[in-house]
Amino acid sequence: MSNKKFFRLHGSKVFCMAPWVHVHNMPNGDIQPCCIAAIGKPLGNLYEDEIEVIWNNDNYKTFRKNMLNEIPAKQCDRCLKEEEWGNTNTIRKFYNNLYGKKYKELVEEGTAEDGSMKEMKIYRWDFRFSNLCNLACTPCSPKYSSAWVDVINKMWPLGTTSTQKFNTSAINKEKFINTIKTQAKYADDVYLAGGEPLIQPEHFAILKAMDEAGKFDDGTHFCYSTNLTSLKYKDINVLDYWSRIKKLKILVSLDEVDRNRLHYARYPLELDTIVKNLHRLNTALTGIQQKWTITPTWSIMNTHRMKEMVEFLNEQNLLSTTFFESSEWECDFHNIILMHPEHLSISCATPEWKKFLHSNLREFEEWYIDVMIPLKKESVRIDAMVTLTDNLNRFHNAIDEPVKIDYNASEEWFSHLDTARGTNFLKTFPELAWHPGSIIEGTAAINTT
């Protein structure tokens, strides 16, 4: 391995294989470097240009060229911050580890000095064709959820912030799906998210194309991020597809196990619905490489309730084989730390609540090691403990991250939100009476430094 290759894959704090192997399309058609890229200037837009044009446009060329010259991009702030917090499994490192074997072919031999590539070979797809969604999760927005459009128009009835529900181009979307069919031979990893992918027609068009290309049983990995509220689309049962995919992973977005808290955080989800569908997953996915885990979005609303979450899942027999047979569960369960909007992040807490969160996480770690780790297969226990500790260290660093929020603006936002939805932040989260969502007279402004 050349010194330059070794440095870029293992020593660089900037270089990432993603722009050489990957396409991530946003619900509004924007093409971003990856799924956690900071929202800003996109590399292109699927509804304005064909993906073949975008792949070597000026934005993509500059993005690749800067990486080769160790120039960090604003879009990469999340990975840089996570690595600063101690995350050893960031998306950047994921791409370098998974696709480093293609470095010589794609980077050294396949990339010109201006950052253009001789050939487009997309190995990893990340599909988010639409913001169509049946939930309006509190940390989300109309960009990713059509259900949020109705909420936000009720929050601000004068129409100053009203927004169009969908923004799509049928013609270019059809061209993109045709491109997917021609590129299917290269695909080795397919990620589907939303909106909510299981209620989107494009998702099933992709599955059909991949099935016809023989990708269900050739080792291609399919991964989903889903709220799992519905397993049927019209007359299609998605389990009929999933049961035939050899290599599959379902990431279930579940933020709470208390009915009222879940209803608020993932509005208007009902707990019984998700529990029923989780049991169906356990019954349907029996293949050795068919896995599912829980991936909460950890915010100020639920980070202090990790123990309650795990206890509930264990008591309800909702721990999948992924929990018992690997350390993936510890990674996935603790993976998503909310950074935006800031008024829902754990970084926005008062000094007193930050102190409590640190103590709460230490107690959770001790309990988990004593109670949950022994339930796992003996051969994975050490890895699971290491993964748990590494991930919880990220939380401690995120808690201490300095952040300032506009208290009055946040208070107004929650007031409009609760009025529009008929919810009540303080009643749902009484322990967060210090938070602007509680709207209490005399509460000290959140201004941590």
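Which helix lies across β9 and β10? Select α13, residues 271–284, and you have your starting point: α13 lies across β9 (247–252) and β10, running at about 155° to β10. Keep in mind as you look around that this is a predicted model.

**Stop 1: the sheet**

Stay with β10 and bring up the strands that go with it. They belong to an open sheet of eight strands, with mixed pairing, in the order β3-β2-β1-β4-β5-β6-β9-β10. Click on the two edge strands, β3 (44–45) and β10 (290–294); each of them pairs on one side only. Strands of a sheet pair through backbone hydrogen bonds, either parallel or antiparallel.

Now hop over to the β3 edge. Here β2, residues 30–32, is joined to β3 by two bridges, and the two strands run antiparallel. For a close-up, select Asp30 together with Asn45: Asp30 stands opposite Asn45 in β3.

**Stop 2: the cavities**

Switch on a cavity display if your viewer has one. The structure holds three cavities of 30 Å³ or more, and the largest has a volume of about 120 Å³. Which residues are the closest to the centre of the largest cavity? Select Cys16, Cys34, Met67, Cys76 and Cys79, which are the closest of the 14 residues that line it.

Next, colour α4 (58–68) and α6 (91–99). Each of these helices supplies at least two residues of the lining of that largest cavity. Colour the lining by class and you'll get 12 nonpolar residues, one polar and one charged.

**Stop 3: two positive phi angles**

From α4, follow the chain into the loop that leads to α5 (77–85), and pick Glu70 there. Glu70 isn't a glycine, yet its phi is positive, at about 60°. Glu70 has a relative accessibility of 31%, so it counts as partly exposed.

Then jump to Asn317, in the loop between α14 (306–315) and α15 (321–325). Asn317 is another residue other than glycine with a positive phi, near 55°. Is Asn317 buried or exposed? It is exposed, with a relative accessible area of 58%.

**Stop 4: two cis peptide bonds**

Head back towards α13, where you began, and select Tyr267 and Pro268. A cis peptide bond joins these two, with omega about -5°. Pro268 sits in the loop between α12 (259–265) and α13.

For the last selection, pick His340 and Pro341, which are also joined by a cis peptide bond; omega is about 0° here. Pro341 belongs to the loop between β12 (336–337) and α17 (351–372).

Terms used:
Residues numbered from 1 in each chain as written. Predicted model: local features only at pLDDT ≥ 70, side-chain atom pairs only at ≥ 80, totals over all residues. Heavy atoms only, no water. Helix = DSSP H or I, 4+ residues; strand = E, 2+ residues; numbered from the N terminus. Buried < 20%, exposed > 50% of the residue type's maximum accessible area, 1.4 Å probe, protein only. Pairing = 2+ DSSP bridges. Contact = heavy atoms within 4.5 Å. Axes fitted to C-alpha atoms, helices over the stretch in contact; angles between N-to-C directions. 1 Å grid on protein atoms, 1.4 Å probe; cavity = no way out; pocket = protein on both sides within 12 Å on 5 of 7 lines; lining within 4 Å. Points joined across faces, edges and corners; volume = space filled by probe spheres on them. Nonpolar A, V, L, I, M, F, W, Y, C, P; charged D, E, K, R; others polar.
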